[in-house]
Amino acid sequence: MLRITDARTGELVDAAPSRRGLTRVEAHPRGLDITGLRVLLAADLLVRALELGGTPVWALLAAERQQEELRAAADALGIRPFEDGEGAAGLGEAQVLHVVDEGGAEPDGVRVAVAPVTWSAPGAPDAADRAALRLALLAHPRTEPVVIDADALKQAGDTLGRWRTAVAGWARRPSRPVPDEVRAELRAAWEDDLDTAGVLGALRAVESDPGVADGARFETYAYADRLLGLHLARDLGNPA
């Protein structure tokens, strides 16, 4: 079961006290900047993780301004659409999770805090490769401040290119199930306060483990990508 740190208390709480009960996830970005995008990304990951656990989720955008611009930026970053959170009435949900940046909104209920991001790469964030930016942000726990510079974006872009090419190659091999121990490691990581860095570490281990069949590597990456949203299978069918 997914557990998440409540910024009010610093304690881990169940993200979905009732597995079949509706959970509402509200994103509260303060503005259209790189930290606001990280807030939206954290909310997207929370929604994906809950859905993978079988929990129904209602995802809302609670922003006082620039809603259309925020939606467009979120879409470019591979974040699934949010409904309008303004004046949203409760639907008998079992839990409400508010994703906020540190020092931002302080709504009642469980608060999932996101640390600030400093942009140090050339140009503006909207000019960057959005998939590489997404991976660069996922490589760090959301509670740690992050500096995104040219090196971070290049490393993320190189990793994405390598993984997409590898996944396309592995897909040509006989299919094999995700190894039980790998599936358990992936779920243990993302169910522990959305530890995406741990998920990425597990994928790197599978990539280089000679004991894992290529078909199992493919299924592992496809499974993890349901959370990560990196379109790792994008190059399937392309000529080698």
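A helix crossing is called left-handed if the near helix is turned anticlockwise from the far one by less than a right angle, and right-handed if the turn is clockwise. With that in hand, welcome to this predicted model, in which the crossing of α6 and α7 is left-handed. Besides its helix contacts, the chain has an open sheet of five strands, a hairpin made by β1 and β2, and a count of 13 salt bridges. Here is a tour, topic by topic.

**Helices α6 and α7**

- Helix α6 covers residues 196-208 and helix α7 covers residues 214-228; their axes lie 10 Å apart, and the packing angle is about 165°.
- Angles over 145 degrees count as roughly antiparallel, which makes α6 roughly antiparallel to α7.
- On the α6 side, the residues that meet α7 are Val199, Leu200, Leu203, Arg204, Val206, Glu207 and Ser208.
- Their counterparts in α7 are Arg217, Thr220, Tyr221, Ala224, Leu227 and Leu228.
- Sorted by class, this contact of α6 with α7 holds eight nonpolar, two polar and three charged residues.

**Helices α4 and α6**

- Helix α6 also has a contact with α4 (residues 150-170): the two axes come within 13 Å and cross at roughly 50°.
- Helices α4 and α6 are therefore oblique to each other, and their crossing is left-handed.
- From α4, Arg162, Trp163 and Trp170 take part, meeting Leu200, Leu203, Arg204 and Glu207 in α6.
- The classes here are four nonpolar, no polar and three charged residues.
- If you are looking at α6 in the viewer, Leu200, Leu203, Arg204 and Glu207 are worth finding: they are listed in the contact with α4 and also in the contact with α7.

**Helices α5 and α7**

- Helix α7 has a contact with α5 (residues 180-190) as well, with axes that come within 11 Å and cross at roughly 15°.
- An angle under 35 degrees counts as roughly parallel, so α5 and α7 are roughly parallel to each other.
- The crossing of α5 and α7 is right-handed.
- Val182, Arg183, Leu186, Arg187 and Trp190 in α5 meet Thr220, Tyr223, Ala224 and Leu227 in α7.
- This contact of α5 with α7 divides into six nonpolar residues, one polar and two charged.
- Thr220, Ala224 and Leu227 of α7 appear in this contact with α5 and also in the one with α6.

**The five-stranded sheet**

- Read across the open sheet, the strand order is β5-β4-β3-β6-β7, and the pairing is parallel.
- At the edges are β5 (83-84) and β7 (110-114), each of which pairs on one side only.
- Within the sheet, β3 (residues 23-28) and β4 (residues 57-61) share five bridges in the parallel sense.
- One bridge partner to look for is tryptophan 58 in β4, which is matched with arginine 24.

**The β1-β2 hairpin**

- Strands β1 (residues 3-6) and β2 (residues 11-14) run antiparallel and are joined by four bridges.
- Four residues lie between β1 and β2, and in this turn glycine 10 has a positive phi of about 75°.
- Across the hairpin, threonine 5 stands opposite leucine 12, while isoleucine 4 has valine 13 as its bridge partner.

**Salt bridges**

- Side chains of opposite charge can pair when their charged atoms come close.
- One salt bridge joins the side chains of aspartate 101 and arginine 30, at 2.7 Å from N to O.
- That pair links distant parts of the chain, 71 residues apart: aspartate 101 belongs to strand β6 (residues 95-101), and arginine 30 sits in the loop between β3 and α1 (34-52).

Definitions and conventions: Residues are numbered from 1 along each chain as its sequence is written. This is a predicted model: local features need pLDDT of at least 70, side-chain atom pairs count only at pLDDT 80 or more; totals for chains, interfaces and linings use all residues. Side-chain values use heavy atoms; hydrogens and water are left out. Axes are lines fitted to C-alpha atoms, for helices over the stretch in contact, and angles run from 0 to 180 degrees between N-to-C directions. Helices (H or I, at least four residues) and strands (E, at least two) are DSSP runs, numbered from the N terminus. Angles under 35 degrees count as roughly parallel, over 145 as roughly antiparallel, 65 to 115 as roughly perpendicular and the rest as oblique. Contact means heavy atoms within 4.5 Å. Ala, Val, Leu, Ile, Met, Phe, Trp, Tyr, Cys and Pro count as nonpolar, Asp, Glu, Lys and Arg as charged, and the others, Gly among them, as polar. Two strands pair if DSSP finds at least two bridges between them. A salt bridge is a side-chain nitrogen of Lys or Arg within 4 Å of a carboxyl oxygen of Asp or Glu.
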